[in-house]
Amino acid sequence: MTRGAPIPETVTLHVPFRIVKRGGRKEMQMPDGAAQPKRTDNTLVKALARAFRWKRMLQSGEFASISELAEREGIAFTYMARLMRLSLLAPEIVDAIMDGRQPESVTLANLMDPFPLDWKEQQMQLLQRGTSER
């Protein structure tokens, strides 16, 4: 622009996106090929932290069993046992979750379902499948 050119009063910018509900929140979803900002799933990060904390408490001998720990924490044994399985996730999956790079299909609700114990199978099922679904 030159000094003599008038400045427009209105500038219109078109950004293609759609609003989706995810975990009770509204989230902006960009079209395929657009750079997706990293967004950590705080619920999933908190669940991972709790799972690893509980695992450490059991391994240290502070508690003799999951049922004893669940009673102390005021949490149902079945919920704690399912949540503690998150400590069996492959390190690459845990890193992806912590960095906010996990596919949209990797949610706490989905991880509460049984998943394979083999780390390579986990990566195929959780990470690669999720990226092809986008």
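This passage looks at the salt bridges, a buried helix face and the contacts of one leucine.

The model is predicted, so local features need pLDDT of at least 70 and side-chain atom pairs count only at pLDDT 80 or more, while totals for chains, interfaces and linings use all residues. Residues are numbered from 1 along each chain as its sequence is written, and side-chain values use heavy atoms, without hydrogens and water.

A search of the whole structure finds two salt bridges (a side-chain nitrogen of Lys or Arg within 4 Å of a carboxyl oxygen of Asp or Glu). One of them joins Arg53 to Glu73, with the closest N and O atoms 3.1 Å apart. Because Arg53 lies in helix α1 and Glu73 in helix α2, this pair ties together parts that are 20 residues apart in sequence (helices are DSSP runs of H or I with at least four residues, numbered from the N terminus). Asp99 and Arg101 form a salt bridge as well, at 3.2 Å from N to O.

Helix α3 (residues 77-84) offers a neat pattern: Met80, Leu83 and Met84 are buried (under 20% relative accessible area, with a 1.4 Å probe and protein chains only). These residues cover an arc of only 100° around the axis, so they sit on the same side of α3; the arc is that of the directions from the helix axis to the C-beta atoms. Among the elements that cover them are α1, α2 (66-73) and α5 (108-111).

Leu58, found in helix α1 (residues 42-59), is in contact (heavy atoms within 4.5 Å) with Met84, and also with Phe63, Ser65, Ile66 and Leu69, leaving aside neighbours within four places in sequence.

Notes: Helix = DSSP H or I, 4+ residues; strand = E, 2+ residues; numbered from the N terminus. Buried < 20%, exposed > 50% of the residue type's maximum accessible area, 1.4 Å probe, protein only.
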